[in-house]
Amino acid sequence: MEAAASEAEAEAAVAAEALRLLRIEPSAACGPSAGRADGAEEPCSRNALRKRRRWQRVLAARRGKRRQERQRRRARRAPADGIGPGPALGSGRVPAALATERLLEARAVGPRICVDLGVGGSMTEKESGRLASQIRRLYGANRRAARPFWLCLTGFAAGTPIYEQCFRMNDGFAGYLMDTTPQSYLDLFPLDAIVYLTPDSENVLEDIDPDKVYVLGGLVDESIHKQLTLRRAREQSLQTARLPIREYMVKAPNARNYHSETLAINQVFDVLSTYYNTRSWPAALRAGVSSGKGYVLPDTVEQVETAQCTTAAQENALFCGEELQRQEAPA
């Protein structure tokens, strides 16, 4: 209760500060006019109504993001299966010696995740920079995990944009505990051990096998072409699989009617890592699939719809007030 009260107070403070910056006094934005002797309410200006309506949308979006972040933190704090109460994607710092020991154990016994950088040869410098940032977040999450994967970057050739961006943007990249090679994963692992993860696959990933190598396509949103990674895997006669998003999540109503199963590589890793530690697909998908993708777990659909209805009702009330003021204004 105390946390909820403090959060409400923080939201009120943020709203008051925003109204001040918008030059709308919180106590007088649409309240009694100081210059009216009879204390009657003076109608808001159309500009003030627009500003307040816009700010209410901002507040609603922030509340939704905070709620989603709380859910993701709870999923990360879920106890790991069989290894005590440690976090699945540890939210705090892990001692360097312990993190190194866990990573070296993963190199010895698996499982392994390979990022295929050969699939994104046509990316722009900006896209390569975004991919380098995703690699940094992926590595950081893996280093904090109670049960990490061993990571490998293939197609990582000197002189390529992604090579330059990784060293330019990621401090200490040369010291990352993972394999980097210009070779293809086809030259490193047996074909029957490789599973290429692609959202277009017909096969659902049901479990994580420590003897398998899971390949992620090194692409960013702007570079994604329909079934590109699926065609690449089929041409190489590889097994494919997709995350069980459709099996455990439902489409959430949204203004754009947008629903996508395509995730950034660090989001895919969050799903895989959380599942590997908790053995729970709902917890894993909650940790990695943001509501912006248009999918939510069934137990959160009602929350999403309620938030959207509340926002729509507020906007409608403000719009009606603005229309009424326009009609009552002298010609």
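**View 1. Strand 5 meets strand 4 at Val213 and Ile194.** Val213 in strand 5 is the bridge partner of Ile194. Altogether, 4 bridges join strand 4 (residues 194-197) to strand 5 (residues 213-217), and the two run parallel. Strands here are DSSP runs of E with at least two residues, helices are runs of H or I with at least four, and both are numbered from the N terminus. Two strands pair if DSSP finds at least two bridges between them. This is a predicted model, so local features need pLDDT of at least 70, side-chain atom pairs count only at pLDDT 80 or more, and totals for chains, interfaces and linings use all residues. Residues are numbered from 1 along each chain as its sequence is written, and side-chain values use heavy atoms, leaving out hydrogens and water.

**View 2. Step back and you get the open sheet.** Its 6 strands follow the order 3-2-1-5-4-6, with parallel pairing. At the edges sit strand 3 (179-181) and strand 6 (239-241), each pairing on one side only.

**View 3. Helix 5 has its buried residues on the same side.** Ile162, Gln165 and Cys166 are the buried residues (under 20% relative accessible area, 1.4 Å probe, protein chains only) of helix 5 (residues 161-169). They cover an arc of only 100° around the axis, judged by the directions from the axis to the C-beta atoms, so they lie on the same side of helix 5. These buried residues pack against helix 4 (125-144), with contact meaning heavy atoms within 4.5 Å.

**View 4. Helix 3 meets helix 4.** Among the residues in contact are Ala96 and Leu103 in helix 3, and Tyr139 and Asn142 in helix 4.

Technical notes: Buried means under 20% relative accessible area, exposed over 50%, partly exposed in between (1.4 Å probe, protein chains only).
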